[in-house]
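I'm opening a fresh notebook page for this one. The plan is to look things up one at a time and jot down what turns up.

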Amino acid sequence: MALLIHGGSPGRDERLLALFIEPLRSLDELLDRLPIADHTTLMGGGSNARVYEFNYAATTYVVKFVRAGTALVDGHDATTLSRKADQIAWIHQYCPRLAGRIAAPILVYRGDDGCALVMHHEAGYPLIQLLKDANSPAEFFDVLAPILTDLIEHGYSTSTISAASGSFARMHPDRIERRLKVIRDNLDRRLLDGAVRINGRSCPGLEDVLADLRARPALLAALDPPVLHFPVHGDLNAGNLFRRENTGKGGYFMLDPRGIVEHWDAMYDMGKLLFSLAGLHAGMHSGFAVQRCTAGIEVKVRSGQTHVFESAADRFPEFLASLPAFGRLIEGDPHWLLRLHMTTAMHMLAEVACRFSDTKPRTTPANRGHAAQAELATGLYAMGVLSAEHLLRLDDARLLSGTLTRPNWQEPGP
Ligand SMILES: Nc1ncnc2c1ncn2[C@@H]1O[C@H](COP(=O)(O)OP(=O)(O)O)[C@@H](O)[C@H]1O
Ligand SMILES: [Mg+2]
């Protein structure tokens with residue numbers, strides 16, 4: 001058990017830190033000592049962590065905590081939360097230009113009973129909101145361009161190592177397989193068996209999708225990244241990337257890195273951004289309309305996956321390719337576009353189990369509790385299986401041709 005005080009500013013955080021002079025014995029004791037009686041629960045994230053905002057001594061703080069043994073999937077556990085603090089410390093040490101770009105803990109509690117991070121509350125709004133009432137994705141891309149350039153130049157490309165063969169499989173199908181039991185225990189069996197058509201297409205079940213991929217060594221070899229990059233984030237979905245309030249284009253910050261202290265594929269993060277544009281963001285906010293029909297089921301994001309979101313998703317690879325810093329990042333990486341699309345499909349499938357691990361009370365317009373979790377998981381499953389199937393039905397020559405378009409898994413909605 002350990003409590004680490006990472007910093008905080010002497011004047012601003014003095015009163016909060018003074019609450020922790022006496023030794024601390026448990027996570028409950030930490031929560032008892034924090035002045036969180038009037039907290040607000042922040043619901044924006046997708047993990048099982050509890051995130052509370054509270055005010056103390058004229059400062060707004062956030063405490064994020066996970067109790068040991070409450071996670072159903074890797075990545076939602078207390079150890080991973082504590083690794084997030086390690087990753088942020090790495091960023092401070094090795095990418096000092098990004099230090100102010102990632103919300104860092106002031107206090108870190110690590111114990112057998114769980115982990116907690118206490119941070120300042122950062123004022124901003126998710127970058128993806130720029131797509132909400134827009135007529136085109138132009139402003140979103142305008143704001144994202146200097147951010148990605150900054151992250152690439154001062155982060156991803158500051159340190160690279162050559163990637164071992166099998167890196168793609170380790171990062172993607174292996175991760176989905178680790179989570180299969182949670183999906184099997186909770187999702188409609190007929191979807192997993194591939195017994196229903198989804199959006200008019202006959203789709204294999206998840207295990208068959210993974211088996212198809214694993215049976216294609218040339219494709220898997222092409223999917224391996226040539227190098228791994230400094231781990232700038234690892235979960236760069238649009239809900240973790242914020243624009244600072246009242247600042248110009250340069251004002252941004254990130255929250256909630258994956259909790260990795262090893263080199264990683266930068267395309268993993270680009271895939272998270274594309275996943276957000278392709279349905280994660282709107283789906284998590286509005287839920288998914290799932291309709292049974294004679295031939296199977298029709299699934300779409302209930303609302304918000306507009307033409308602007310679809311167009312942003314369609315244009316995302318071309319946007320990346322237009323950034324000089326990205327051009328330098330992918331030198332010697334001929335299959336980055338294939339890897340981007342396949343990574344995005346894998347993120348969709350890996351997210352399915354997370355919907356059951358996140359136990360924050362969720363409601364959608366049609367469901368609550370486990371039924372709401374199942375609705376979100378079904379939407380993500382449909383998204384992932386349709387996207388992966390779209391890619392896997394192409395032969396290797398086509399997939400390696402370098403001219404892939406994004407798999408469209410649904411028609412744009414209202
Ligand atoms: N330091 C912070 N400042 C401002 N908002 C925060 C902060 N930490 C978390 N949040 C809000 O809480 C949400 C969930 O936090 P996050 O750490 O991303 O949890 P999860 O692990 O569930 O994704 C974020 O999307 C954001 O809206
Ligand atoms: Mg998050």
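**Entry 1: strand β6 and its partners**

I started with a single pair: Leu107 has Val118 in β6 as its bridge partner. A note to self before going on: this is a predicted model.

Leu107 made me look at the strands around that pair. Strand β5, residues 105–111, runs antiparallel to β6, and six bridges join the two. I checked the turn as well: β5 and β6 make a hairpin, with two residues between them.

Next I looked at what else pairs with β6. Strand β4 (residues 59–67) does, in the antiparallel sense, over seven bridges. One of the pairs I looked up there is Arg67, whose bridge partner in β6 is Gly114.

Is β6 buried or exposed? I went through residues 114–120, and seven of the seven are buried, so the strand is largely enclosed by the rest of the structure.

**Entry 2: following β4 back to β3 and β2**

I then went the other way from β4. β3 and β4 pair in the antiparallel sense, again with seven bridges. In that pairing I found Val51 opposite Lys64 in β4.

These two strands form a hairpin with two residues between the strands, and I noted that Ala57 has a positive phi near 50° there.

β3 covers residues 50–56, and strand β2 (residues 40–41) runs antiparallel to β3, joined by two bridges. The pair I wrote down is Thr41, which stands opposite Tyr52 in β3.

A reminder I keep for reading strands: side chains in a regular strand alternate between the two faces of the sheet.

**Entry 3: a sheet of three strands**

What is the strand order in the open sheet of three strands? I read it as β7-β12-β13, with antiparallel pairing. β7 (124–126) and β13 (252–254) are at the edges with a single partner strand each, so one side of each has no neighbour in the sheet. From one strand to the next, the twist averages 35°.

I zoomed in on one of the pairings. Strand β12, residues 241–244, is joined to β13 by three bridges, and the two run antiparallel. Arg243 has Tyr252 as its bridge partner in β13.

**Entry 4: a sheet of four strands, with helices on it**

Another open sheet has four strands in the order β10-β9-β15-β14, and the pairing is mixed. Its edge strands are β10 (201–202) and β14 (288–293), each pairing on one side only.

Strand β9 (residues 197–198) pairs with β10 in the antiparallel sense over two bridges. In this pairing, I saw Arg197 opposite Ser202 in β10.

Which strands does α11 touch? This helix packs on the sheet against β14 and β15 (296–301), and its direction makes about 100° with that of β15. α15 packs on the sheet too, touching β9, β10, β14 and β15, with its direction at about 75° to that of β14.

**Entry 5: Leu391 in α15**

I picked one residue of α15 (residues 369–392) to look at: Leu391. Leu391 has a relative accessible area of 0%, so I marked this residue as buried.

What does Leu391 contact beyond its neighbours within four places in sequence? My list is His341, Met342, Leu399, Leu404 and Pro407. I also checked the spacing to Arg406: 15 residues along the sequence, and 9.0 Å in space from C-alpha to C-alpha.

**Entry 6: cavities**

How many cavities of 30 Å³ or more does the whole structure have? The search finds three.

The largest has a volume of about 70 Å³. Its lining includes His341 and Pro407, both of which I had just listed as contacts of Leu391. Arg406 is in the lining as well.

α11 (266–286) and α14 (336–357) each supply at least two lining residues. The largest share, four residues, is from α14. By class I get five nonpolar, three polar and one charged.

The second largest cavity comes out at about 40 Å³. Among the residues lining it are Tyr156, His229, Phe230, Trp264 and Asp269. Its lining has seven nonpolar, three polar and two charged residues.

Note on methods:
Residues are numbered from 1 along each chain as its sequence is written. Chains are lettered from A and ligands numbered from 1 in the order in which they are written. This is a predicted model: local features need pLDDT of at least 70, side-chain atom pairs count only at pLDDT 80 or more; totals for chains, interfaces and linings use all residues. Side-chain values use heavy atoms; hydrogens and water are left out. Buried means under 20% relative accessible area, exposed over 50%, partly exposed in between (1.4 Å probe, protein chains only). Two strands pair if DSSP finds at least two bridges between them. On a 1 Å grid over the protein atoms alone, a cavity is a set of points where a 1.4 Å probe fits but cannot get out, and a pocket is an open set with protein on both sides within 12 Å along at least five of seven lines; lining residues have an atom within 4 Å of a point. Grid points are joined across faces, edges and corners, and a volume is the space filled by probe spheres set on the points. Ala, Val, Leu, Ile, Met, Phe, Trp, Tyr, Cys and Pro count as nonpolar, Asp, Glu, Lys and Arg as charged, and the others, Gly among them, as polar. Axes are lines fitted to C-alpha atoms, for helices over the stretch in contact, and angles run from 0 to 180 degrees between N-to-C directions. Contact means heavy atoms within 4.5 Å.
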